[in-house]
Amino acid sequence: MFTLAEVASLNDIQPTYRILKPWWDVFMDYLAVVMLMVAIFAGTMQLTKDQVVCLPVLQSTVNSKAQPGTSGKADFTTVETTTGQGEEASMRTVSFGSAPTVTPDVPLSRATSSQYQPTESGQELKKEQKDSLGRKTNLDFQQYVFINQMCYHLALPWYSKYFPYLVLIHTIILIVSSNFWFKYPKTCSKIEHFVSILGKCFESPWTTKALSETACEDSEENKQRLTGAQSLPKYVSTSSDEGSPSASTPMITKSGFKFSADKPMIEVPSVTILDKKDGEQAKALFEKVRKFRAHVEDSDLIYKLYVGQTVIKTVKFIFILCYTANFVNTISFEHICNPKVEHLIGYTQFECTHNMAYMLKKLLISYISLICVYGFICLYTLFWLFRIPLKEYSFEKVREESSFSDIPDVKNDFAFLLHMVDQYDQLYSKRFGVFLSEVSENKLREISLNHEWTFEKLRQHVSRNAQDKQELHLFMLSGVPDAVFDLTDLDMLKLELIPEAKIPAKISQMTNLQELHLCHCPAKVEQTAFSFLRDHLRCLHVKFTDVAEIPAWVYLLKNLRELYLIGNLNSENNKMIGLESLRELRHLKILHVKSNLTKIPPNITDVAPHLTKLVIHNDGTKLVVLNSLKKMTNVAELELQNCELERIPHAIFSLSNLQELDLKSNSIRTIEEIISFQHLKRLTCLKLWHNKIVSIPSSITHIKNLESLYLSNNKLESLPAAVFSLQKLRCLDVSYNSIALIPVEIHLLQNLQHFHITGNKVDVLPKQLFKCVKLRTLGLGQNCITSIPDKISQLLQLTHLELKGNCLDRLPVTLGQCQVLRRSGLVVEDHLFDALPSEVKEVLNQDTSIPFANGI
């Protein structure tokens, strides 16, 4: 049994799918309920009152009409049997020699109320027949019951007997067919999800806010249209009214609907601020709608299932109508029954009356009427299903009314569900469309972002970099907060992983901004913002995955000095770096490309006349075509790192203004071409580190003006005397090779300030080393040195000394005479330092205001 609480809880359940039931489905549901009531009523009547009453048809009736003069004459043979106990039990056998005499005027019903009694004289029989009210049938009660039941099954039409059950079965089939698409596993999950999302979208405060704001903007636009000479189409411009870019600058874009802060807006006090919780729920709804659309749009199963069940109901209607109409006339009050049980009853034919016939006929006519109405609605449903393409849904009307011009049209099951919702209330689709609009989503993100990132919070994230400049780094935000552009003293702005970054006109307030970093951030700028960046921006870093992510406006920054491009620029996409675009960067001085180039793109050489520094960092891809380097006659610094170069490119020898060459992390084995560097009169820095160089050719002496030579991380085993003929050499780095001896000629390098030989096999330090009195940095770590000569005290300018990783057992006391050497610049094991005399340690631990050298 159900408890009262369980039954009462059913009243609280709302019809979940009511918004997906159009008027015809609702009407058919009511019709099905009425048909169900008809079936129940008919079944109840049949169980309680359904029966037939049968009386025998006497053959004498016909004979009496043919021979009226013989009425009342009959021959009877009576057999009486008496028991031995004296009790009398009479069994009468009646044989009809001729038809029994009846009065034609006496009805059959009256005749049946009399019994035949055997008489001895014809006069008594006539008197008895005259006094009787009907014909006597000589049947007892059990025989009547028996014949009634027999004739119920034999004479009564089957439809009269099973009509209530057929109506019940048909109605149940129709009800199941109408609701099958709500219960089928592969469709009910999608429908439940859709109804849930639709309800949340309808009730979301963000829906009201978005529609209210666009309504306000529509009102403002209508006022502007009235003042204009001509009416404009109903859409919102994607560019500002003043200073809009021409067709030649397509990179300046504004996405979708314009929510501009400087545009006159009608105030809507109730929706000016969105609660943080509501904002988070709206964000979740946008994500749910996006995923649901992707999941539902790929199939049309719901549409096909609905069409299928409608076709089934239509076929069912035709079937019921066809066979039911044939049985309307079969239901009658009187029936003739021939049970063929003369041996039990004595009669061959009976006339029966069906007391439910009149009611059943009325119910059948009512049922046929209901079925006809039901069928016409099914036909209308089929007409609606095939009249318009229900697998496509256009939000054109919503776009016009709400000004969300970017709401996409949908298809397949998603479109069909929206068509069904429109039959309930079109307001649902209108409010649901808000969550299909990227403009609406971006606006929500903007509001939430500005609410979270206030000016005070951004100020706390501002820091000073190594160049003593104020910088702000924003990482993985949904956009750029408006308060950023109120930081007018900011020098550097870094935007990383912000896919919807937009730079508004407010950036013109940041007069100190000169450096911008866009890391996986294809930022869009307004026209006014672009004009400001074009005039003030000096350094731009762009990190990307695909070359298409580089904003097109980058190539129009005519006053840009430094450009850093980091990302995939393979040979197929080289032409996309801005074929003719880089030519517009007339003031570009530094171009840094970190990618996977196989050749230097021609468009890079187009800016060569004004480039002073070119840096190409490959990811190990071999750079094979370098002839275009010859055009870069003004390049002073050239870096070709990790380009799998096996020799020094000959094109480099044409760069007459080259001052610094860096060929780090290549596969160079020999540098015999170094003799050609004698033509590069201005070359002062040569970096050949992290290669496979085995020896240094003596032709290196021809590089007269060389000041820095980096040969670390190679395979050198010795230093030739030619190196020490470079009188202007100030920095020599041969760390991490296999050098076992420092040549005594090192004292010839009187201008040497930085000498690094860390990670070699040196065991003895020549005294001539300490004649290089200008040494400020000396790296001797990770060798086999056993002692440090006392003459180290001659290095009065020494600020950095690395001795860690040797075989030393003590440090010279004369270290205290190195006037600018301090403990922070002495890299040595702690126990060696602790073994020094206290006065030496005290000198080394003294603070000094003399800045240390930066080293390499």
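These legends accompany three close-up views of a predicted model.

**View 1. Helices α2 and α7 cross each other.** Let's start with two helices: α2 covers residues 23-49, and α7 covers residues 158-183. Their axes come within 9 Å and cross at roughly 155 degrees. An angle over 145 degrees counts as roughly antiparallel, and α2 and α7 are therefore roughly antiparallel to each other. The crossing of this pair is left-handed. What kinds of residues make up the contact of α2 with α7? There are 14 nonpolar residues, along with six polar and two charged ones.

**View 2. Spans that UniProt lists under "transmembrane region".** The unreviewed UniProt entry gives this label to residues 27-47, 162-182 and 364-386. Take a look at residues 27-47 in the model: this span is 100% helix and 0% strand, with its end C-alpha atoms 30 Å apart. Now move on to residues 162-182, where the end C-alpha atoms lie 31 Å apart. That span, too, is 100% helix and 0% strand.

**View 3. Asp491 and its surroundings.** Where does Asp491 sit? You can find Asp491 in the loop between β7 (470-475) and β8 (492-496). Setting aside neighbours within four places in sequence, Asp491 is in contact with Lys469, Gln470, Asn512, Leu513, Gln514 and Glu515. Try locating Asp468 as well: Asp491 and Asp468 are 23 residues apart in sequence, and their C-alpha atoms are 9.6 Å apart in space.

How values were computed:
Residues numbered from 1 in each chain as written. Predicted model: local features only at pLDDT ≥ 70, side-chain atom pairs only at ≥ 80, totals over all residues. Heavy atoms only, no water. Helix = DSSP H or I, 4+ residues; strand = E, 2+ residues; numbered from the N terminus. Contact = heavy atoms within 4.5 Å. Axes fitted to C-alpha atoms, helices over the stretch in contact; angles between N-to-C directions. Parallel < 35°, antiparallel > 145°, perpendicular 65-115°, else oblique. Left-handed = near helix turned anticlockwise from the far one by under 90°. Nonpolar A, V, L, I, M, F, W, Y, C, P; charged D, E, K, R; others polar. UniProt positions renumbered as here; feature names shortened; annotations may be inferred.
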